[in-house]
Structure formats: C-alpha cells, structure tokens
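Reader: I am in my first year and should be grateful for a close look at one part of this structure. Please explain the terms as they arise.

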Amino acid sequence: MTDAAALIAATRFGFAAEGGDLAAIGRDPRRWALAQLHRRPASLPGDLPPSSRVVAQLLEARRERKEKTGDPKAAKDEMRDLYIAEVGARLNAAIASDAPLLERLVFFWSNHFTVSALRPAVRGFVGAFEREAIRPHVTGRFADMLLAVTRHPAMCFYLDNVVSIGPNSPFGRRKDKGLNENLGRELLELHTLGVDGGYTQQDVEALARILTGWTIARLRDPNPGTFRFAPGIHEPGPKVLLGKTYPEAGVEEGEAALRDLARHPATARHIATKLARHFIADAPPQPAIERIAKVFRDSDGDLREVTAAVINDPEAWRQPFAKVRTPTELVIAAFRASGVREVPALPLVASLRTLDQPAFVAPSPAGWPDVASAWVSPESVLRRAEWCQTFAERLPNPPDPVAMAEASYGELLPAETLEAIRRAPSRRVGLALLLASPEFQRR
Amino acid sequence: MQSPTRRDVLGFVAGGLALAGLPRAVFAAAPTDRRLVVVLLRGAMDGLGAVPPLGDRRYAERRGGLAFAGNDGCLPLDGFFALNPGLEAIHSYWKAGELLFVPATGNGYRTRSHFDAQDLMESGLARKTGQSDGWLNRALAAVQHGDRRLGIAVGGAVPLLLRGKIAVASWEPPAFKPVAPEFISLLGRLYAHDALFGPALADGLRAQHLSDEVLGEEGAKGPMGFGPRAFKPLAEAAGKLLAAPDGPRIAALEMGGWDTHVAQGTLKGRLANNLQGFAEGLQALAQALGPAWKETVVVATTEFGRTVAMNGTNGTDHGTASVVLVMGGAVRGGKMRGDWPGLDRLEEDRDLRVATDARSVLKGILRDHLGIDGTTLDRHVFPDAPGLAPMGGLVKV
C-alpha cells in the first residue's frame, strides 16, 4: 500500500501515528487496523469507582439533603473530582493506546449512546457508564451493548426512565402517575431504528410501557445504585411494538424487545450510516453504507465484523483528509503525534472545554455532530489556532516539526505547508503551524 | 457545567514544572545576590536595523530602502552607531552607562535554519550534537548550592537554554494567550486554498477586528499582552521574581516576532514595533528589580542576523551576524564593544560577517558577574570553545 494508506490507517482508524511516525503502522495498514479488532479494549485505572458506588453515594447525599445533614458542597466537589479523573483516564487511554482503533470505537459508541453531563446529576458517573456499558462491547454484539446501555443507571436516569411509571401498575394507580416516553423515543430514534426507521407514536409509547420498571436500586434495596427491575411500577399486560405482541413478562419483555430492535434492518442501516459517516466521509457513498449494513444483518450485529466491513470498504481508503477532526480527536492527536504519553487531567478537561467539546457534555441525547460544518466556524478556527499555538508553546520538549511532518505525512503534505513549517521562526511556531495546518486538522 | 475558563488551559504538561506562582519554600538562602537575565530573541533579530551603523561608509548604499536617512529619527550612541527609535525606552540606560552593544556577533556555526541555530544558541555549542541541556543550566551548576532553585524560566515551557540536570522553576502568566498576529499571518497562507478553513479564518479575524493589523503593512500593535506587547508583562514579572530576597537569581525569557521577511520598516514597521515592545519590557524589568537592578546583568541574543540588503518584500532574509545587548546596573556600559568588520566585504556577498563569537560575551559575563572560573567555563559550560577568550570589562567587578 502507499503512504496514503498508512496515513489513513493512522488518522482515520486511530488518532495519529504515535510520535508522529507512520512507520509504526507497518507495511499493511489495513491489517494493522483489522488486527486490533481481536484485542480487548484497555481497562482504565482500577481506582475509578464503579457507577453503583457513585450512584449510592448520590442517593445517600440526597437523603442527607432531605434530613439537612451532611455537606452538599463536599458531595458536589467529589463528583467534580470524579469527572475530572474519568476524563483524564479516558483521554490518556487514547493518547497512549497501542490499539487506538478500539479507543476510537469507544468514543464512537459512547457518542452514539450519549449520556450527557448537561444533566449535572450524572456528572460523577458518566465516565463509569462508558467504562461499564460501552467499552467492554465495542467488538462484541450490538444487542449486548444496547442492553447494557439501556439497563445502566446513567441511561435510566438521563432519559428519565426512573420516573416513568406504568399507569396501570400498582404504584401508578395508587399515585395517579404515568409514562415518560423519553427513553422509549430516543431508543427508537437515536439508538436503533433511526428517525426514518418506520416507527410510530404508538410504538414509542409501547416501548416506554415495556421498559417501565427499569430503574435504579434504592438505598433500602439490595445492591443500591445498580440496575433494578421494579415490578410495582411496571405496566402490566401485553404490548404491541412494531406489529409484534410482547406478552407480559416483566423484565424479560424489555430484553426481548431490545434484542428485536437490535436485529431490525432499519437499525442495521442506521448504524451503518453513522459508522460510514464517522470513518469515511461526512456524506458517505451509498454503496459503502449498503455493504456495511449487510454485514450487520448477516452477522446479527457482530460489531467486530461490522467494523471490519468499514475497514475493508474501498471507500474508506480512497481519500485522505476527508474528515475534519473533532476537538477531542485534535487534542488526542496533538499529544500523541508529539510523543507525549501521559497528560494531567485538568489541562485535558480545560482544552476540550475551550474547544467547545467538553468531555461527556454533548448538547443533546443525539450526541456530538459528526460533520465538518458543525466544527468549523470563524470562532472555532481561531480557537483551534489558539490552542495549537498554546500547545506548542507549553510542550516541554517540542519535537522537530519538520521531521515530524515528514514522518507523519511523507509526500502527502503539500509542499507549501512543509515549507512554511521549515521557515517558521522557531521550532515551537513550526509545531503550531503543523498542528493548525489544514492537513493536521483533518483525518 | 461551569463556563469554559481559559485560565484552566494553563500548564499543559505539569511534569516538574511549577505552574502558577512560586512556592516560597523552593528558595532557601541565597548563594549570590547577583542577578542574570538571559533574553532569547527568537526569529533572528536584524542587528543592522536595531543598532544601525550609520557611520559605515557603505551603509546607505548596502541597506538601500531599509537604511535610515542620516541621523533622522535615530537616537545617538557613539557617533558611529545609532539606536533604532523603537528602542527609545532604553536610551536613558545608555546615557547612564548601563547599556552596551556588541555588534557583528554570531556563533561558531553557519546555518540559516531557525531551529538549528536556536538549538545551538541555547546549547552553546557550535555543532549539532543532539545536546539536550543548555549553557545556562550548565552555568547554573557552577553556582548552585543546596536545593534552592536559582534558575527560572519566565513565560511558559522551560527553553533548552535552561534545561539540564539542575532543577529550575518556571512561571507563566495566568492568561490564555490569543493567537499571535505573526502566527495568524503564517496560518492564513496555509489556509488560503482551503475552502473550509480559509473563509472561516478570514471571518473570524474580521470579527476580532484583527485582520487589518495582521494583514496590513504596518504589522500588529494589539492590546496588552499581544504580539510585541506580550514581552513587557513577562519582563516585569521576571523583575519582581528576581527582586525577592529569597527569589531566583537567574532568569530566562524569550520574545518572538523578529522574523521580518516582510514590511520590516525603519522608523516605523514591524521591526520598530517589536523593538519598542522589547525596550519597554527591559525598562519594566529594570524598574521591577528596584534596588536589585544594581546587581543585575541582562543579556539578549538572537540566533543569527539578517541580510544586509532589502529583499523583494520590504524586509530582510536569514543572514549571519547580529548584535548582542548587555544591560544592567552592574554593566560597564555607554559604549560599543567588540570589533566592526565593516560592510565592505560581506559573508557570501550578502551578510554581515561575524566579528565576535557571542559566547565570548557570555563567558565574560559568567566569569566576571557570577564568578564562574575559566576552567569550568571551558570544560562544562562551553565545552567546544575552550580557546575562546572571555570578553573582559563588561561588568563592574
């Protein structure tokens, strides 16, 4: 393969060649990417607490608030510290990864199943959500990830399922409370079928009914802070979703419905489109989408095979620089290409905020946009330039930007960009130029 | 979520660097009260523009469009050399005998690559050897006693000049720096043909009312802390830090913006603007040092000089010899030092020739100001220039 293939492998199926050197990709870039699919995603530092502990802590804090004991500020500070630690761990995993494709997949799926700390209550365990429900499944089955995500306390809380009550459930009848469709709707619209996936308002309500009772264990329950199915708020009776009747079966009803949704052809198409948009181009070619969707259907949503289909698609290798890097990708790529392997959490948190993509704070359940027009604006370009300049100025040991440009781009860097870097008035300015160049801003 | 704060972006890589302010405990008893400030002028300052040799008989002819006409606007020095009006803020120090210049300085190397030349300027060597420590750190080793951190990098990351086995402190201002106009204009060229980034950058600049300054012929003169103005707050901070009785004694600072390929100018222009920012910074440094100014030597060097003749874009290109500035209450100033090779015969028919190896100036300062002995200077600080004699008489001993 050519230089272009190595560059595409490094930047499109990773973040950036480590130390800026494409040689690390080896002679068969496609195989370099495919081989990673047979590895397990790195597990993050073991001192990060499980979501169950964080949620239990929050429940505890809420009780103390009601009883006017405890220190609400201390609880809040603790959640902030957890958030910072999670962001640091997540980004450092990507910066230092020797299987960067898997980290890219973690970001992709975490964004697909967005839980946003725009709801401040989830701030302390949104990182745990990713570690527990996304990370283990990126090369597993889509259905398993879907189930793990939907059962997770973070999602139950974020999309309001904890307050969704079957109107005819014992509790609903007693308190005159009812359904919240939020999770049901987003599951269909965002997580599975897609907005044009052929579902109706009746289907949204049916799924919401099916999922009533999927909630979080309280302090008085066993294993507080974990998933709990609460029969007392589950809507009784059979439900009809997408023409299929699900007889009353408690928690298994929802599990069956989610497995069916995961298998639906519209889901295959929706996921294939998003993967192609993420890894190939903002407006991905239809044939590539068809090919990936077919693998999704034929493999029953085996994400290892589905991802392999993306990598094997000729469209993925046609054009370098087809996508603009998101701020997160830019920050990771800059550190990685500069040979830095460990970065303190705070500057990472701050960098992403400054660049308008704060970690785990997507603007809506739809996640961060995945097209250039959303990321390139007059203000954002200046901020990117600012960030690149600051990065280059503060890096303790800046690499030689000319050598880095040559090692990471070879012939693919336009002569004028290389010349500008070569003529830059200092090494740091040269590095800033390389990072801010139209080529490094893309992948 | 809290709104983004640019302050948080500070201090990217914390390893071993003090990030904001200075822990007092870092400094114990002082082994010396002498202060040394080294300023790196990155981008190759035009010595012939900063301290023009108006008395050289071939000056006007060789410099062409960039020559000062007679004494017009320049400030007098020794009758042969004059001071660029941009440096007005330090003219009084010349008159007070606290400022001198060494013209036609260079190092043992000949390269017109900024990166290589800056590395060599900072490592103090004449050849690229992959040296990973700087001459100032090696000099620090000779005066260091105990745990107190005598050296400090002011402005951001520790430059190669001050890197090495002796631990140093660092300080940077609590502000997220806006893009330097110099950087933006370089970037503008890279984005010129990019359908996405090009227009976005132009619109962004327009929105910030920057575009005229950046793209205009006169270069940038922004608000405080911007472009040439960015140096003053750093220099002032360095002065305050060094003035503290238990503070550091040796500081490294840097200033960019000297790569004047375009619109360099004479009385006005990019060079004069940059010199003005530089001089106002030096003045602020001196004032912030207070009584400690008496104990201080400031030395400013650049990686190389610029072509004698003007290029096609009213600027100058990479050249050879430049000028070294030495200033301070401890300096025997008010005069020019070193030799003048003249503009008759040029290096490769284009550049001012080197008359003085800048390291002999540095050696003289290290010996007479910090009391570092000749053997240490030859063996450790400048190991590949043992034959180079220290320039004497720069400092009041």
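Author: The following account begins with chain A and its helices, and then turns to the contact between the chains.

This is a predicted model, in which local features need pLDDT of at least 70 and side-chain atom pairs count only at pLDDT 80 or more, while totals for chains, interfaces and linings use all residues. Residues are numbered from 1 along each chain as its sequence is written, and chains are lettered from A and ligands numbered from 1 in the order in which they are written.

Chain A contains 22 helices and four strands; helices (H or I, at least four residues) and strands (E, at least two) are DSSP runs, numbered from the N terminus. Its C-alpha trace spans about 75 × 55 × 40 Å along the principal axes. For 443 residues, a compact globule would have a radius of gyration near 22 Å, and the 23 Å of chain A agrees with this. The radius is taken over C-alpha atoms, and the globule rule is 2.2 Å times the number of residues to the power 0.38.

Within chain A, helix 4 (residues 72–96) packs against helix 17 at an angle of about 90°, with the axes 8 Å apart. Axes are lines fitted to C-alpha atoms, for helices over the stretch in contact, and angles run from 0 to 180 degrees between N-to-C directions. Helix 4 of chain A and helix 17 of chain A are therefore roughly perpendicular to each other (angles under 35 degrees count as roughly parallel, over 145 as roughly antiparallel, 65 to 115 as roughly perpendicular and the rest as oblique). From helix 4 of chain A, Ile84(A), Ala85(A), Val87(A), Gly88(A) and Leu91(A) meet Ala345(A), Leu346(A), Leu348(A) and Val349(A) of helix 17 of chain A. Two residues are in contact if their C-beta atoms, placed from the backbone, lie within 7 Å. By class, this contact between helix 4 and helix 17 of chain A has eight nonpolar residues, one polar and no charged. Here Ala, Val, Leu, Ile, Met, Phe, Trp, Tyr, Cys and Pro count as nonpolar, Asp, Glu, Lys and Arg as charged, and the others, Gly among them, as polar.

The contact between the chains takes 43 residues from chain A and 43 residues from chain B. On the side of chain A that touches chain B, helix 17 (345–354), helix 19 (378–394), helix 21 (415–422) and helix 22 (427–436) of chain A each supply at least two residues. Helix 19 of chain A gives the most to that side, with eleven residues. By class, the side of chain A that touches chain B has 26 nonpolar, ten polar and seven charged residues.
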